[in-house]
Amino acid sequence: MMTRETKVSSTAGGENEWEVRPGGMLVQKRDPDAEPNRVPPPTIRVRVKYGSVYHEININSQATFGELKKMLSGPTGLHHEDQKVMYKDKVRDSKSYLDVVGVKDRSKMVVVEDPISQEKRILEMRKTAKMEKAAKAISDICFEVDRLAGQVSAIESVISKGGKVAEKTLLNVIELLMNQLLKLDGITVDGDVKLQRKMQVKRVQGYVETLDTLKVKNSSTSRRNGVVPPQSRRMAVADRHQPEATRETTEWEIFDSLAAPTSASTTKTSSSNTVNPMFNWDLI
């Protein structure tokens with residue numbers, strides 16, 4: 001039954017607020033702040049049975065069943081959300097007041113474990129723990145991405161000024177960022193934590209795209225500056241370390257190979273133009 005509020009005129013001509021409590025009883029609405037000098041309600045002792053054991057609890061007569069459940073958590077070992085308290089063979093809501101349903105001093109009740117409520121509470125606890133773990137993981141990734149963002153900024157500053165950055169350095173930073181992206185892909189959550197994960201994914205992808213662009217610009221800068229390819233540098237170094245006699249022999253071999261066809265051609269031409277001499281005198 002829903003609580004309804006109404007106003008009833010008092011004999012003194014004033015107005016007092018009333019409300020209908022669960023059970024249909026019409027009582028004056030409680031407002032402790034309006035009556036600071038009001039006499040506190042009496043304390044009653046109730047007997048609550050759990051299993052085969054009775055527990056006596058001293059409690060305010062105007063307390064709720066929810067407050068009673070919290071007091072029973074210690075003696076029974078049950079979480080207050082896992083309890084069902086029955087009074088007069090009826091399960092009582094945690095928000096119901098003891099005096100409204102007729103609980104008096106020495107009243108007897110029964111408390112039992114509620115497996116459905118227990119399962120819901122455990123699932124909620126697991127969900128909360130998972131969310132906290134995911135939030136912690138994203139926070140750690142965010143910290144690492146912040147550190148890598150400083151390196152991206154430094155690389156971008158050097159290349160934008162026409163400088164050269166080792167390609168290995170670029171590839172290493174890209175690889176570290178991709179590792180963080182893989183970690184983010186492994187986190188599955190909902191709610192606000194999911195939004196934080198999505199923001200970090202976009203952030204990492206942006207840094208990777210920036211580095212890919214810088215890598216192309218870095219390569220074009222190397223060509224413009226006339227950087228000698230690694231293979232050419234190795235050949236030049238090998239030639240410098242070659243013995244001098246070997247270099248001279250090689251040069252003569254090249255000269256001979258170039259000169260040989262010319263010599264052969266000259267010899268052939270000379271032989272073809274040779275004329276036997278004619279003598280004008282007689283031989284004796």
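**Close-up 1. The S4–S5 hairpin.** S4 and S5 run antiparallel and are joined by eight bridges; strands here count as paired if DSSP finds at least two bridges between them. Helices (H or I, at least four residues) and strands (E, at least two) are DSSP runs, numbered from the N terminus. One opposite pair to look for is Val48 with His55 in S5. The hairpin has two residues between its strands, and Gly51 takes a positive phi near 70 degrees there. Everything in these views comes from a predicted model, in which local features need pLDDT of at least 70 and side-chain atom pairs count only at pLDDT 80 or more, while totals for chains, interfaces and linings use all residues. Residues are numbered from 1 along each chain as its sequence is written, and side-chain values use heavy atoms, with hydrogens and water left out.

**Close-up 2. The open sheet and the helix lying across it.** Pull back from the hairpin and you get four strands in an open sheet, ordered S5-S4-S7-S6, with mixed pairing. Strand S5 (53–60) and strand S6 (83–86) sit at the edges with a single partner strand each, so one side of each has no neighbour in the sheet. From one strand to the next, the twist averages 30 degrees. Helix H1 (residues 65–76) lies across strand S4 (43–50), S5, S6 and S7, and runs at about 135 degrees to S5. Axes are lines fitted to C-alpha atoms, for helices over the stretch in contact, and angles run from 0 to 180 degrees between N-to-C directions.

**Close-up 3. Edge strand S6 against S7.** S6 and S7 run antiparallel, with four bridges joining them. Gln83 stands opposite Glu113 in S7, and Met86 stands opposite Val110 in S7. Which way do the side chains along S6 point? They alternate: Gln83 and Val85 are buried and point to one face, while Lys84 and Met86 point to the other and are not buried. That fits the usual rule that, in a regular strand, side chains alternate between the two faces of the sheet. Buried means under 20% relative accessible area, exposed means over 50%, and partly exposed is in between (1.4 Å probe, protein chains only).

**Close-up 4. Lys88 in the loop between S6 and S7.** Lys88 lies in the loop that links S6 and S7. It counts as exposed, at 60% relative accessibility. Lys88 and Val103 are 15 residues apart in sequence, and their C-alpha atoms are 9.6 Å apart in space.

**Close-up 5. Helix H2 and its buried arginine.** H2 (residues 115–160) has 46 residues and reaches 66 Å from first C-alpha to last, close to the 68 Å expected at 1.5 Å a residue. That expected span is 1.5 Å times one less than the number of residues. Its buried residues include Ala134, Ile138, Ile141, Val145 and Leu148. Arg121 is found in H2 too, and is buried, with a relative accessible area of 17%. What does Arg121 touch, not counting residues up to four places away in sequence? The answer is His79, Glu81 and Asp82; contact means heavy atoms within 4.5 Å. Just after H2, Gly162 takes a positive phi of about 90 degrees.

**Close-up 6. The nonpolar core of the helices.** The largest nonpolar core has 23 residues, and Ile155, Val173, Leu177, Ile187, Val204 and Leu211 have the most contacts inside it. Such a core is a set of buried Ala, Val, Leu, Ile, Met, Phe, Trp, Tyr and Cys residues joined through side-chain atoms within 4.5 Å. H2, helix H3 (167–185) and helix H4 (192–224) each supply at least two residues of this core, and H2 gives the most, with eight. Zoom in on Leu177: leaving aside neighbours within four places in sequence, it is in contact with Leu148, Val152, Val204, Tyr207, Val208 and Leu211. Apart from this core lies another, of 16 residues, among them Val48, Tyr87, Leu98 and Met109.

**Close-up 7. Where to trust the prediction.** pLDDT is the predictor's confidence in each residue, from 0 to 100. The protein's mean is 76, and 64% of its residues reach 70 or more. Confidence is lowest in strand S1 (residues 5–9), at a mean of 39, and highest in strand S7 (residues 108–113), at 94. Over residues 1–15 pLDDT stays under 50, and the model has 20 contacts beyond four places in sequence for them. Residues 279–284 also stay under 50, with zero such contacts.
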